[in-house]
Amino acid sequence: MSQNILLIEDDLSYATAVRKALAHSSDGAFQVEWVRYCIEGLERLVKAGRQDNRRPDGIAAVLADLFLADSHGIGTFDRLFCTAPQIPILILSTTQDEEIAKLAVQHGAQGYLLKTKFDGDSFLKAVASIVERAANAEALVEERERAQVTLNSIGDGVMSIDVWGQVTYLNAVAESLTGWSRKEAAGRPLAEVFRVIDTTSREAVQDPMLLAIRQNKNVGLAPNCVLIRRDGVEAAIEDSAAPIHDRCGQVTGAVMVFRDVSTARALTARMSYLAQHDSLTDLPNRILLKDRLTQATAVAYRHRQKLAVLYLDVDRFKHINDSLGHAIGDGLLQSVAQRLLTCVRNSDTVSRQGGDEFVVLLSGVTQPQDAIVGVDKILLTLNAPHHIEQHDLSVTVSIGIAIYPDDGTDAETLMKHADFAMLHAKDSGRNNYQFFKPDMNVRALERQSLENGMRHALDRQEFVLHYQPKIDLKTGAIRGVEALIRWRHPQRGLVPPGQFIPVAEECGFIGPISRWVLREGCRQARAWQDAGLPPTRIAINASAVDLRSKNFAAGVRAILTETGLEPWYLELELTESFLMQDSKSTAGVLQALKDVGVLLALDDFGTGYSRLSYLKRFPIDILKIDQSFVRDLTTDADDASIVSAVISMGKSLHIQVVAEGVETREQLEFLQEHSCPEGQGFYFSHPVVAGEFSQMLGRSVVEPCSLQVY
C-alpha cells in the first residue's frame, strides 16, 4: 500500500523534482501531496490526525521548507510539529538557512536535506529511512504500551522457579497472595513460599511447577486446594503451570499462573442456595422441596412410615395485593413464612411454591390424624393479626392434605393431590383443611375446565350483561342502571359471576373481561339513547387491577369516544379497599378519571376499613350502602343506625347515597322515612337483559315486584 508524503514547498521547480524522485521509487511506495503554504499544510495535518499507515488519508512523513510565503524560519517548524508531533518531519533547506535547519533538528525534526545537493536516489533513500524509523518507533511504543497495560491489569498471580525449584520471580498479585515480596522470595525453595494443602485432608499437595519441570508439560493444581499465606491466612486457589525452555528446548524452570477463587467459590455456593430458595421468604423453593420430598418418600418406604404433604393457600391474598399494593403483600407473605416455621419441627420442611402458596412436609407421621395437630397449630398461628407497616391484617389459609403412601407414592402425585384438597378447602368456605379424596380429582378437572372455557369465552361472545335499575325512592323513577356480567356457558348454561370472577382474577383473565364489560355497557347505554329512550347513567364495576393500571383513565376515555357515550353518563364503582392504597397514587388515579368526566361511586360502603376523611380527600360522587346493612335494618338496631348515619353523612357531604339489596316493603319504608335518595334491589327488579330494561326505560317508573329468588 502506498504511503502519503506531505510536501510543503513554494518553489515549483524543486517541488516537481521531489515529486518526480518519489514517484519513481522501485516499489511505488510513496504518494506525494504538494501544498505551497504553511496554512495548507497545517490543515492537511489536522485532517490526517495521528500517523496511521493503515489509513488511506494518513501522512507518513512531512517534507517542509521553513521559508514560505505565509511563514518564515523556525516558527514554521514549531507550528507543524505542534500540530502533528508524531509524524516525522524532514527539513528542506538552502545553504544559507542551514543553521535554522539544524535548530529545527534540535526542536524535533528527523533531519534536513540541502536543496543545492539534491540527488533523486539519495533523496528517496533519506525519505524511506525516516519513514521506516518512525514506523518502527511507533510499533515499539505500541508494543511497550500493550505489554505495560497487560501487566498492570492482570488479576492473577504469576510465579516462576528455576530447574532446582528455587523462586526467581513473583508479580504484585503473587506477592499479595503468598505474603512474600519478590526480593524476600528470590532464591528460596518453592515449598517455603508457595504452601498448598488439600481442603479436606489438610495434607500438603504436590506442587504443579515441580511436576511441570519433571514431566515437561503443562500441569494444573488438584481441585479443592487452599494456599496458606505467610501469615497463616488461607485462600482457595486455582492454577496452571508450564515448563520454561531455552533455545535448545531444554527445561530451565517453570512458570505458574494462579488466582484466588475464594469469592468465586463462595458465589457459586450462594448461587446454588438461591437456585433452591425463594428470594422473598428465603424458604426452600419447589426445586428443593421436590428433592427433599423424594428423599423423604424413600426413607418412609424403607422404614414403613407415613408422611404428610400440606398445601396452603392464603385466602383472598390477591385482594390484599391489589388493594394495598405489592409491598404490603410481600410483607404479609414474609410474615406467613416466619410463622409457619414456628409451627413445625427442624426435621420438617416449609416451602414457598410461588405466589401465595406454601407447602409443608411433615415427616415421621404415624397416622393421618397426626397431621391434624400440626394443621390446627398452623391455622391458629396464622389467624392472629399480621402487623405490616401501618396495617393490621387478619388472614386465613385453606389447607389440603395428602398422605404417603395412601394418596400417592411419588412427589408429583402427592403434590397434585394436596393441591386438589386445598382447592376443595377453598370451595368449602376457606379457613379450613381437607384431606384428599379420590373424587376431588373430578372437581379439580371441573375447575380446570372452567379455566379453559374462560380462555375462549370472549372470542366466542359467551359473556352477556344484565341490567338492574337504580330507583328514585321518592318518585319511583329510574335514575340509573348497573351492568352485571353473566357467562352463557355452552354446556353449563348461565353461570353467575360469583362462580367465575374469582377464577378469572386468579388466572389473570379479569383485565380483558373488565374491558369488555366497560365497552359493552357504554355501547348499550348509547344505543338506548339513540333509540329515543331517556338518557340514563350506567354503573360499571372497576376492579383494583384496572384502577392500578397507569393507562386505565386513558382507556376509559378511548372507550367513551369509541362508543359515543358522554362521560357524565358513566359511573365507575370502586371498593373501599382501593382507597386504602397509597393516598398519593390513589388520588392521582381518581383525579385522572374525574378529568375524563365520569362519576365515581364507592361500592359496598361500610364493609371495609376506610376512614371518613377519605370521603373529603377523594372526589367521590356516590356512596352505595352495602346490602349486608340493608338486609337486617328492620330487625337489627345497629344496622339501622349505620344506614341512617350514612344517609345523613351523604347529605352533609353532598354525596349521593344509594341503598343496595332492597328486598322488602319494610326496608323501602325505612329508607324513605330517612330520606335515602336512591335504592337498588330485587324489590324493584332483578337484573334483566337489555331488551327488558329497554321496556322499563320506556315506562320510566318501576313498579315494585314481589320478592322472588332466581
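These exercises work through the fold, charges and backbone of a predicted model.

**Exercise 1. Overall form**

Determine how the spread of the protein chain compares with the globule rule.

*Solution.*
Step 1. Take the inventory. The protein chain has 27 helices and 28 strands.
Step 2. Compare the radius of gyration with the rule. The radius is 44 Å, while the globule rule gives 27 Å for 710 residues. The value is well over the rule, so the protein chain is more spread out than a compact globule.
Step 3. Add the box. Along the principal axes, the C-alpha atoms fill roughly 130 × 80 × 45 Å.
Step 4. Turn to burial and contacts. Buried residues account for 47% of the 710 residues. Among contacts between residues at least 6 apart in sequence, 64% join residues at least 24 apart.
Step 5. Finish with the surface. The protein chain exposes about 35400 Å², and carbon and sulfur atoms supply 51% of that area.

**Exercise 2. A helix–strand pair**

Find the salt-bridge partner of arginine 44, and state whether each residue is buried, partly exposed or exposed.

*Solution.*
Step 1. Identify the partner. Arginine 44 forms a salt bridge with glutamate 33, with the closest N and O atoms 2.7 Å apart. The cut-off is 4 Å, so the pair qualifies.
Step 2. Place both ends. Arginine 44 sits in helix H2 (residues 38–48), and glutamate 33 in strand S2 (residues 30–35). They are 11 residues apart.
Step 3. Classify arginine 44. Its relative accessible area is 12%; buried means under 20%, so arginine 44 is buried.
Step 4. Classify glutamate 33. Its relative accessibility is 24%, so glutamate 33 counts as partly exposed.

**Exercise 3. A buried network**

Trace the salt bridges of lysine 624 and name the network that shared partners create.

*Solution.*
Step 1. Start with glutamate 573. Its side chain meets that of lysine 624 in a salt bridge, 2.7 Å from N to O.
Step 2. Place this pair. Glutamate 573 is in strand S24 (residues 570–575), and lysine 624 is in strand S26 (residues 622–625). The separation is 51 residues. Both residues are buried.
Step 3. Move to glutamate 660. Lysine 624 also bridges to glutamate 660, the closest N and O atoms being 3.5 Å apart.
Step 4. Place the second pair. Lysine 624 is in strand S26 and glutamate 660 in strand S27 (residues 656–660), 36 residues apart. Glutamate 660 is buried, as is lysine 624.
Step 5. Join them. Salt bridges with shared partners link Glu482, Glu573, Lys624 and Glu660 into one network.
Step 6. Set this in context. The whole structure holds 25 salt bridges.

**Exercise 4. A buried charge without a salt bridge**

Explain why aspartate 407 has no salt bridge to lysine 306, and list what it touches.

*Solution.*
Step 1. Locate aspartate 407. It lies in the loop between strand S18 (397–404) and helix H15 (411–427).
Step 2. Recall the principle. Side chains of opposite charge can pair when their charged atoms come close.
Step 3. Check the distance. Lysine 306 is the nearest side chain of opposite charge, yet it is 8.7 Å away. A salt bridge needs atoms within 4 Å, so buried aspartate 407 has none with lysine 306.
Step 4. List the contacts. Leaving aside neighbours within four places in sequence, aspartate 407 is in contact with Ile401, Ala402, Thr413, Leu414, His417 and Phe436.
Step 5. Look along the loop. Proline 405 is also placed between S18 and H15. A cis peptide bond joins tyrosine 404 to proline 405, with omega about 0°.

**Exercise 5. Positive phi in two loops**

Give phi for aspartate 282 and arginine 304, and decide whether each residue is exposed or partly exposed.

*Solution.*
Step 1. Read aspartate 282. Phi is near 65°, a positive value in a residue other than glycine.
Step 2. Place aspartate 282. It belongs to the loop between helix H10 (262–275) and helix H11 (286–302).
Step 3. Classify aspartate 282. A relative accessible area of 42% makes it partly exposed.
Step 4. Read arginine 304. Phi is near 55°, again positive in a residue other than glycine.
Step 5. Place and classify arginine 304. Its loop runs between H11 and strand S13 (306–314). At 80% relative accessible area, arginine 304 is exposed.

How values were computed:
Residues are numbered from 1 along each chain as its sequence is written. This is a predicted model: local features need pLDDT of at least 70, side-chain atom pairs count only at pLDDT 80 or more; totals for chains, interfaces and linings use all residues. Side-chain values use heavy atoms; hydrogens and water are left out. Helices (H or I, at least four residues) and strands (E, at least two) are DSSP runs, numbered from the N terminus. Buried means under 20% relative accessible area, exposed over 50%, partly exposed in between (1.4 Å probe, protein chains only). Lys and Arg count as positive and Asp and Glu as negative; His and the chain ends are not counted. Contact means heavy atoms within 4.5 Å. The radius of gyration is taken over C-alpha atoms; the globule rule is 2.2 Å times the number of residues to the power 0.38. Accessible areas come from the Shrake-Rupley method with a 1.4 Å probe; for residues, only the protein chains shown count as cover.
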